[in-house]
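User: Please take a close look at the metal sites in this model, and then at what surrounds them in the fold. I would like the cut-offs behind each term spelled out.

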Amino acid sequence: MPALAPPRILKPLVSLFYPATCVVCAENVERADYLCADCQRRAPRIVAPFCAKCSEPFSGAITQSFRCANCEHRVLHFDCAVAAYRSRGLVRRLVHQFKYAGQRHLRHPLAGWLGETLNDARLRGRHFDIIVPVPLHSTRQRERGFNQATLLAELLAKSIAVPLRPVLERIRYTTTQTAYDRAERMENLHGAFRLRKNRDVRDLRVLLIDDVLTTGSTLSECARVLKAAGAISVHAATAARA
Ligand SMILES: [Zn+2]
Ligand SMILES: [Zn+2]
């Protein structure tokens, strides 16, 4: 006979006897924490100066307004895209384990990093009517079993009491984005998203959520669809940025 899992009701009891551990190094942490202080310190933060539009960091002092190489020669339809961390080192590792190894519990530390974007001057104190996750194509979502952006958006929505509204759908199954250079990616995404049936975003201020910003093309294309459907503004926030 296979061993039986403890009944659901015993779970909180079981957790009393096993200490909470850091998701990176397995060091003991406070019950409410997912990362120990050391690992949190090692997560690469994005610090000024960075591009006001897409948060691309620069090294060195920049005193006048500039356009970063990522934004130059292209139209980005979001008002701005904010990330507090770079997708490097342990941040990148956690994102990969979350997305591709199905470790859903990692949504908690990632949502914590996502939530830090709200301390950024571009988002702080701003009112949002709805939170919208970047959708996956239904085929991709079936393969993965979940939409990583939705899991993160759910936690953020709860913590700031803004309604989660998955108003977008992805109607084209695009090949893996990383195989394309920037121009090809933008071309590849055109027409990939649309507003779901019977959804209305007119006169709404949208906070658009994804796990990682790579070039910004996905967020831009979603923002374009939302604004074409009447959204007043679309600010984007991600747990990390390439
Ligand atoms: Zn740790
Ligand atoms: Zn930029």
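Analyst: The metal sites come first below, followed by the aromatic contacts, one helix and its cover, and one acidic residue.

This is a predicted model, in which local features need pLDDT of at least 70 and side-chain atom pairs count only at pLDDT 80 or more, while totals for chains, interfaces and linings use all residues. Residues are numbered from 1 along each chain as its sequence is written, chains are lettered from A and ligands numbered from 1 in the order in which they are written, and side-chain values use heavy atoms, with hydrogens and water left out.

The zinc ion (ligand 1) has C22, C25, C36 and C39 as its protein donors, each through SG, at 2.3 Å. Donors are N, O and S atoms within 2.8 Å of the metal (3.2 Å for Na, K and Ca); water is not among the atoms, so sites may look incomplete. The arrangement around the zinc ion (ligand 1) is tetrahedral because its four donor atoms subtend angles of 103 to 116 degrees. Four donors count as tetrahedral if all angles lie between 85 and 135 degrees. For four tetrahedral donors the ideal angle at a metal is 109.5 degrees.

Along the sequence, the donor residues of the zinc ion (ligand 1) follow the spacing C-x2-C-x10-C-x2-C. Within this set, C25 and C39 link distant parts of the chain: C25 is in the loop between α1 (11-17) and α2, C39 is in helix α2, and 14 residues separate them. Helices (H or I, at least four residues) and strands (E, at least two) are DSSP runs, numbered from the N terminus. C25 counts as partly exposed because its relative accessibility is 37%, whereas C39, at 1%, counts as buried. C36 is also buried, with a relative accessible area of 9%. The cut-offs are under 20% relative accessible area for buried and over 50% for exposed, with partly exposed in between (1.4 Å probe, protein chains only).

The zinc ion (ligand 2) is coordinated at 2.3 Å by the SG atoms of C51, C54, C68 and C71. This site is tetrahedral too, with angles of 100 to 116 degrees among the four donor atoms. The donor spacing for the zinc ion (ligand 2) is C-x2-C-x13-C-x2-C. C51 and C68 both come from the loop between α2 (37-42) and β1 (80-83), 17 residues apart. Both C51 and C68 are buried. As for cysteine pairs, the structure holds zero disulfides, a disulfide being a pair of cysteine sulfur atoms within 2.5 Å.

Next, the aromatic contacts. The whole structure contains two aromatic pairs. Rings of Phe, Tyr and Trp (its six-membered ring) pair if their centres lie within 6.5 Å; planes under 30 degrees apart count as stacked, over 60 as edge-to-face and the rest as tilted. Y85 and W113 form a tilted pair, because their ring centres are 5.2 Å apart and their planes stand at 40 degrees. Y85 is in the loop between β1 and α3, W113 is in helix α4, and the two are 28 residues apart. Each is buried, Y85 at 1% relative accessibility and W113 at 1% as well.

The other pair, F98 and F146, is likewise tilted because the ring centres are 5.7 Å apart and the planes are at 40 degrees. F98 lies in helix α3 and F146 in the loop between α5 (138-144) and α6, so this pair ties together parts 48 residues apart in sequence. F98 is buried at 0% relative accessibility, and F146 is buried at 4%.

Y85 has a further partner: the charged end of R45 sits over its ring, 5.1 Å from the centre. The test for this is NZ of Lys or CZ of Arg within 6 Å of the ring centre and within 35 degrees of the ring normal.

W113 leads to helix α4 (residues 107-115), where the buried residues are P109, L110, A111, W113 and L114. Their cover includes α2, α3 (89-100), α6 (148-160), β5 (205-213) and β6 (233-241). Contact here means heavy atoms within 4.5 Å.

Elsewhere, E221 is found in helix α8 (residues 217-228). E221 is buried, with a relative accessible area of 8%. Leaving out residues up to four places away in sequence, E221 touches L189, H190, G191 and F193.

For the chain as a whole, the secondary structure comes to eight helices and six strands. Buried residues make up 43% of its 242 residues.

Key
Four donors count as tetrahedral if all angles lie between 85 and 135 degrees; four count as square planar and six as octahedral if opposite donors are over 155 degrees apart and all others between 65 and 115; anything else is irregular.
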